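Hi everyone, thanks for making the time. I'd like to walk you through one model this morning, so please bring it up on your screens.

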Amino acid sequence: MKSLEFFNRCLNKIAFLYLRQKSRRQLLSMESHTLRDIGVSYEDAMHEGSLPFWKAGIHDPQPCSNESAKPEQRESEPGSRSSIAVS
């Protein structure tokens with residue numbers, strides 16, 4: 001089971017890095033008026049687009065721990081069903 005979880009995490013990371021690189025290539029191909037429409041300066045787009053795929057950029061989401069990514073499982077009272085709280 002652990003090897004399956006590891007494989008799944010690796011695939012997710014590869015997909016994330018692929019999408020990051022694809023987005024950066026798209027930024028490099030946009031014209032300045034299009035960049036203005038989405039609220040990105042030409043300089044920021046060129047900087048972000050020139051970063052290698054393994055480096056996080058200014059607007060990349062911060063990685064979250066597994067605890068905050070999953071709903072918290074609460075222990076239920078005896079005789080009642082367990083509930084899941086979303087944090």
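Let me start with a question: is Ala-56 buried or exposed? Keep in mind as you look that this is a predicted model. The answer is that Ala-56 is exposed, because its relative accessible area is 54%. You will find Ala-56 in the loop between helix 3 and helix 4, the latter being residues 66-69. Setting aside the neighbours within four places in sequence, Ala-56 makes contact with Arg-20, Arg-24 and Leu-51. Arg-20 is 36 residues away from Ala-56 along the chain, yet their C-alpha atoms are separated by 8.9 Å.

Now let me step back to the overall layout. The protein chain has four helices and two strands, and from the N terminus the order reads α-α-α-α-β-β. There are 87 residues in the chain, and buried ones make up 14% of them. The exposed area comes to about 7,700 Å², with carbon and sulfur atoms supplying 57% of it. As for contacts between residues at least 6 apart in sequence, 39% of them join residues at least 24 apart.

Back to the two arginines we just met as contacts of Ala-56. Arg-20 sits in helix 1, and it counts as buried because its relative accessibility is 11%, where the cut-off for buried is under 20%. What lies 2.8 Å from a polar atom of the Arg-20 side chain? It is the backbone oxygen of Phe-53.

Arg-24 is in helix 1 too. With a relative accessible area of 2%, Arg-24 is buried. A polar atom of the Arg-24 side chain lies 2.7 Å from a backbone oxygen, that of Lys-55.

Arg-24 has another partner as well, and this is the part I like. How many salt bridges does the structure hold? Just one. Arg-24 forms it with Glu-48, and the closest N and O atoms are 3.2 Å apart. This pair links distant parts of the chain, with Arg-24 in helix 1 and Glu-48 in helix 3, residues 42-50, 24 residues apart. Glu-48 has 10% relative accessibility, so it counts as buried, and Arg-24, as we saw, is buried at 2%.

That brings us to helix 3. Which of its residues are buried? They are Ala-45, Glu-48 and Gly-49. These residues cover an arc of only 95° around the axis, and therefore they are on the same side of helix 3. If you turn the model to the face directed away from that buried side, you will see the exposed residues Glu-43 and Ser-50. What do the buried residues of helix 3 pack against? Their packing partners are helix 1 and helix 2, the latter being residues 32-37.

One last stop, out on the surface. Met-1, Leu-4, Phe-7, Leu-11 and Ile-14 together make a nonpolar surface patch of about 590 Å². Take Leu-11 from that group: it belongs to helix 1, which spans residues 2-29. Leu-11 counts as partly exposed because its relative accessibility is 42%, between the cut-offs of 20% and 50%.

So, to pull one thread together: helix 1 holds Arg-24 and helix 3 holds Glu-48, and these two residues form the salt bridge. Thanks for listening, and do keep the model open while we chat.

Methods:
Residues are numbered from 1 along each chain as its sequence is written. This is a predicted model: local features need pLDDT of at least 70, side-chain atom pairs count only at pLDDT 80 or more; totals for chains, interfaces and linings use all residues. Side-chain values use heavy atoms; hydrogens and water are left out. Patches are made of residues with over 30% relative accessible area and no salt bridge: like charges are joined within 9 Å, nonpolar side chains (Val, Leu, Ile, Met, Phe, Trp, Tyr) within 5 Å. Accessible areas come from the Shrake-Rupley method with a 1.4 Å probe; for residues, only the protein chains shown count as cover. A salt bridge is a side-chain nitrogen of Lys or Arg within 4 Å of a carboxyl oxygen of Asp or Glu. Buried means under 20% relative accessible area, exposed over 50%, partly exposed in between (1.4 Å probe, protein chains only). A polar contact is a pair of N or O atoms within 3.5 Å; within protein, one must be able to donate a hydrogen and the other to accept it, and residues adjacent in sequence count only if both atoms are side-chain atoms. The arc is that of the directions from the helix axis to the C-beta atoms. Contact means heavy atoms within 4.5 Å.
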